[in-house]
Amino acid sequence: MIFRIPEDRLAEKSRPPKAADQRFMQLALTLGRRGQGRTWPNPAVGAVVVKDGIIVGRGWTQPGGRPHAEPEALKRAGEAARGATLYVTLEPCSHFGKSPPCVDAIISAGIARVVSAIEDPNPEVAGQGHARLRAAGIAVDIGLGAAEAAHDHAGHFRRIRDKRPHVILKLAVSQDDRIGAAGGRPVAVTGETARARVHLLRAQCDAVLTGIGTVLADDPLLTCRLPGMEARSPVRVVLDRALRLPGTSKLVHSAREIPLWVMTSELAEAPAAAKLGAAGAQIIRIAATSASPPGLDLAAVLSALAEKGITRLLVEAGARVASSFVAAGLADEFWLLRGPRAIGADGIAALDALPLTAVTQSPAFRVRASEKLDEDTLTIYGRA
């Protein structure tokens, strides 16, 4: 997904970016990423206050979405903010929500210039924040770091524009494109370094989704288990049309400590729902499809998650659920972890009936990054 700044807004840029501007915006982007997975439903924004070439304040959106990045940075800067430049990864808000408008804090602090990466598509902002700053006599430059900011804030943009989260589909495959052995027997495809990378990705997402088939086969916990980051585990979401989720599963046993949302059919039996609810799970009823075999409407699932505030969704599921997201055009990023060993032709294909090339060779996707993780390889595809 590409977000473009309207041409009339591009014309508003008051000066070409300097090397120092680029350096400080990069810092703001890095700071903003600290909040990914913890700020929903708000975007994870970063902000830096600079005076006479010296950083006097830094901030990022705090857990739960408040305080916002700008007042955090201004608070740290104190009186040094007067006459300074503020670098921020998203247009400052101009409306009253659960906290006062950030533009008011910026104006009151005496900021002389704001360098803003990208406009906020939220109709309650949508250029009004920049306009209010200019009306107060503050110089405003827009567009520096826009491409990176658009990617970092893709979940916020997708939720505002399409009423669904930004979907990251992760698959770990063998050298011959298999995710499991014959008969559904699980097999370790990748090594410890790759698995640690996945745990970090979980911490950077608001929720992680899987299907009931994966739960019954693997009994996963779906938490972040990196040392010191256990508290950053995402909401766990299970697609379970008939409410087959066992009360003995790790997911249910941990539901009171880490949120568990079970997406089920409107026709699912009430006693099963009540039992899971009593164990701490939240039951969310979704319309079922008329497909054979029947399942849950993925568009309705994503819409319900967006309504609950989810902006970044990681899908860690089996071949059928993964292929359903690809076939429906609902995967925005594709994280492909490839191990060095083959499983064999009788193993489980990565995307069920779809070939893996439906993503890796699709004109709809392009390689955004690639890295080596010991013997494994991670390739990240994004929508072209």
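Student: Quick one to start. Is the crossing of α4 and α5 right-handed or left-handed?

Tutor: Right-handed, for α4 and α5. Keep in mind that this is a predicted model.

Student: Which residues make the contact?

Tutor: On the α4 side, Val103, Asp104, Ile106 and Ile107. On the α5 side, Gly129, Arg132 and Leu133.

Student: How do the residues of that contact divide into nonpolar, polar and charged?

Tutor: In the contact of α4 with α5, four are nonpolar, one is polar and two are charged.

Student: At what angle do the axes of α4 and α5 cross?

Tutor: Roughly 20°. The two axes come within 10 Å, and α5 covers residues 128-135. Angles under 35 degrees count as roughly parallel. That is why α4 is called roughly parallel to α5.

Student: Why those two values, an angle and a distance?

Tutor: They are how two packed helices are described: the angle between the axes and the distance between them.

Student: OK, now α3 and α4. Where do their axes come, and at what angle do they cross?

Tutor: The axes come within 9 Å and cross at roughly 20°. Helix α3 runs over residues 69-77, and helix α4 over residues 102-109. So α3 and α4 are also roughly parallel to each other.

Student: Left-handed or right-handed, when α3 passes α4?

Tutor: Left-handed for α3 and α4. The α4 and α5 crossing, remember, is right-handed.

Student: Which residues of α3 meet which of α4?

Tutor: α3 brings Glu70, Pro71 and Leu74. They meet Cys102, Ala105, Ile106 and Ala109 of α4. Of the residues in this contact, six are nonpolar, none is polar and one is charged. Ile106 is worth finding, as it is listed in the contact with α3 and in the contact with α5.

Student: Let's zoom out. How many helices and strands does the protein chain have?

Tutor: 14 helices and 16 strands. The chain's radius of gyration is 22 Å, close to the 21 Å from the globule rule for 384 residues, so it is as compact as a globular protein of that length.

Student: And what does the C-alpha trace span along its principal axes?

Tutor: About 65 × 45 × 40 Å.

Student: Sheets next. In what order do the five strands form their open sheet?

Tutor: β2-β1-β3-β4-β5, with mixed pairing. The edges are β2 (54-60) and β5 (139-142). Each has a single partner strand, so one side of each has no neighbour in the sheet. From one strand to the next, the twist averages 15°.

Student: How many bridges join β1 to β3?

Tutor: Four. Strand β1 (residues 46-51) and strand β3 (residues 85-88) run antiparallel. For one pair to look at, valine 49 has leucine 86 in β3 as its bridge partner.

Student: Which strands does α3 touch when it packs on the sheet?

Tutor: β1, β2 and β3. The direction of α3 makes about 140° with that of β2.

Student: What about the nine strands? In what order do they form their open sheet?

Tutor: β11-β10-β9-β8-β12-β6-β13-β16-β15, again with mixed pairing. Here β11 (282-286) and β15 (365-373) stand at the edges. Each has a single partner strand, so each is left with one side lacking a neighbour in the sheet. Ignoring direction, neighbouring strands are turned by 20° against each other on average.

Student: In what sense do β6 and β12 pair, parallel or antiparallel?

Tutor: Parallel, over four bridges. Strand β6 is residues 166-173, and strand β12 is residues 312-315. Histidine 166 has arginine 312 in β12 as its bridge partner.

Student: And β15 with β16, parallel or antiparallel?

Tutor: Antiparallel, over eight bridges, with β16 at residues 376-383. Valine 367 is bridged to tyrosine 381 in β16. Two residues lie between the strands of this hairpin, and aspartate 374 takes a positive phi near 60°.

Student: Where is aspartate 352, then?

Tutor: In the loop between β14 (348-349) and α14 (357-360). Its phi is also positive, near 60°, though aspartate 352 is not a glycine.

Student: Last topic, peptide bonds. Is the one from tryptophan 40 to proline 41 cis or trans?

Tutor: Cis, with omega near 10°. Proline 41 sits in the loop between α2 (19-33) and β1. Arginine 66 and proline 67 are also joined by a cis peptide bond, with omega about -5°. Look for proline 67 in the loop between β2 and α3.

Key. Residues numbered from 1 in each chain as written. Predicted model: local features only at pLDDT ≥ 70, side-chain atom pairs only at ≥ 80, totals over all residues. Heavy atoms only, no water. Axes fitted to C-alpha atoms, helices over the stretch in contact; angles between N-to-C directions. Parallel < 35°, antiparallel > 145°, perpendicular 65-115°, else oblique. Left-handed = near helix turned anticlockwise from the far one by under 90°. Contact = heavy atoms within 4.5 Å. Nonpolar A, V, L, I, M, F, W, Y, C, P; charged D, E, K, R; others polar. Pairing = 2+ DSSP bridges. Rg over C-alpha atoms; globule rule 2.2 N^0.38 Å.
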